[in-house]
Amino acid sequence: VGGSEHATGHLLYSRFWTKFLYDIGIISWDEPFKKLVNQGMIGGEDGQKMSKRWGNVVNPDDVCAQYGADTLRLYEMFLGPLTDSKPWNTQGIEGVSRFLGKFWRLFHINDEFTVSHDEPSKDELKILHKTIKKVSHDIENMSFNTSVSAFMVATNELGALKSNKIHVLEPLVILLAPFAPHISEELWALLGHTSSVHTSEWPLHNEDFLVENSFSYPIS
């Protein structure tokens with residue numbers, strides 16, 4: 001995985017050494033990779049390639065200083081498919097920042113960390129397991145933008161239900177950790193864990209919770 005311009009030299013070197021080691025009988029394969037994924041370039045807001053020449057460069061350090069590293073990470077993934085080139089849009093960062101704020105507030109009531117140990121409702125379990133299934137599938141397929149969308153949908157739905165059930169929120173923190181590691185680690189500690197969220201077991205979805213109980217049929 002890498003940018004098409006930057007990765008060229010690395011690919012040449014790795015392929016050369018693989019061929020060499022194969023020829024002298026050290027390894028049994030003669031190609032270094034099974035699949036190549038070139039990530040798209042992020043252009044400036046003016047639609048051109050980011051360059052000092054055009055004066056459209058966005059400094060990631062400035063974004064981190066204002067919004068935090070988690071927001072920057074999520075925003076870059078949310079811009080679009082990994083392999084597509086896409087333009088930077090400063091206004092879009094605000095939306096991702098608001099999402100993280102909403103997610104944080106699921107765990108808080110009047111700024112006090114508050115979670116319930118009550119059993120989740122069917123609706124809450126459906127939201128959770130739908131998200132587990134979607135994010136797990138998307139990570140395997142490097143579809144990170146749709147994962148971020150799934151987090152946003154789940155957060156809005158749980159917020160509407162005023163859900164703060166620990167059995168729902170805890171797995172969501174694990175799911176979010178690869179995307180937004182800092183806020184996830186903080187929430188994981190607030191949930192009472194002493195080990196890192198990144199060493200926890202990945203949640204698995206249960207299809208039983210995804211069964212629809214009712215259907216709407218249009219009749220003409």
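Lysine 86 sits in strand 4, which spans residues 86-87, and its surroundings in this predicted model make a good place to start. The residue is buried, yet no salt bridge accompanies its charge. The nearest side chain of opposite charge belongs to aspartate 84, and it is 6.5 Å away; a salt bridge would require a side-chain nitrogen within 4 Å of a carboxyl oxygen, so this pair does not qualify.

What, then, lies close to the polar part of the lysine 86 side chain? Backbone oxygens do: that of proline 81 is 2.6 Å from a polar atom of the side chain, and that of aspartate 84 is 2.8 Å from a polar atom of the side chain. Aspartate 84 therefore appears twice in this account, with its backbone oxygen 2.8 Å from a polar atom of the lysine side chain and its own side chain 6.5 Å away, the latter beyond the 4 Å limit for a salt bridge. Leaving aside residues up to four places away in sequence, lysine 86 also touches Met41, Ile42 and Gly43, together with Leu79, Gly80 and Pro81.

Salt bridges are found elsewhere in the model, which holds 7 of them. One joins arginine 15 to glutamate 31, with the closest N and O atoms 2.7 Å apart. Because arginine 15 belongs to helix 1 and glutamate 31 to the loop between helix 1 and strand 2 (38-39), this pair ties together parts that are 16 residues apart in sequence. Both partners are partly exposed, arginine 15 at 42% relative accessibility and glutamate 31 at 32%.

A second salt bridge pairs aspartate 30 with lysine 19, and here the closest N and O atoms are 3.8 Å apart. It links distant parts of the chain, with aspartate 30 in the loop between helix 1 and strand 2 and lysine 19 in helix 1, 11 residues apart. Aspartate 30 is partly exposed, with a relative accessible area of 32%, and lysine 19 likewise counts as partly exposed, at 27%. Taken together, Arg15, Lys19, Asp30 and Glu31 are linked in a network of salt bridges.

Another of the salt bridges is formed by the side chains of lysine 133 and glutamate 207, at 2.9 Å from N to O. Lysine 133 lies in helix 5 (residues 122-140) and glutamate 207 in the segment after helix 8 (181-190), so this contact ties together parts that are 74 residues apart in sequence. Relative accessibility is 39% for lysine 133 and 41% for glutamate 207, so each counts as partly exposed.

Helix 1 also contributes to a nonpolar feature. Tryptophan 17 has its place in this helix, which covers residues 7-23, and is partly exposed, with a relative accessible area of 48%. Tryptophan 17 is one of the members of a nonpolar surface patch that also includes Tyr13, Phe16, Phe20, Ile24 and Ile26. Together the patch residues have about 710 Å² of accessible area.

Helix 3 (residues 69-78) offers a view of the interior. Which of its residues are buried? They are Asp70, Thr71, Leu72, Leu74, Tyr75 and Met77. An α-helix has 3.6 residues a turn, so residues three or four places apart point the same way. The cover over the buried residues of helix 3 includes helix 2 (60-67), helix 4 (90-105), helix 6 (144-160) and helix 8.

Definitions and conventions:
Residues are numbered from 1 along each chain as its sequence is written. This is a predicted model: local features need pLDDT of at least 70, side-chain atom pairs count only at pLDDT 80 or more; totals for chains, interfaces and linings use all residues. Side-chain values use heavy atoms; hydrogens and water are left out. Helices (H or I, at least four residues) and strands (E, at least two) are DSSP runs, numbered from the N terminus. Buried means under 20% relative accessible area, exposed over 50%, partly exposed in between (1.4 Å probe, protein chains only). Lys and Arg count as positive and Asp and Glu as negative; His and the chain ends are not counted. A polar contact is a pair of N or O atoms within 3.5 Å; within protein, one must be able to donate a hydrogen and the other to accept it, and residues adjacent in sequence count only if both atoms are side-chain atoms. Contact means heavy atoms within 4.5 Å. Patches are made of residues with over 30% relative accessible area and no salt bridge: like charges are joined within 9 Å, nonpolar side chains (Val, Leu, Ile, Met, Phe, Trp, Tyr) within 5 Å. Accessible areas come from the Shrake-Rupley method with a 1.4 Å probe; for residues, only the protein chains shown count as cover.
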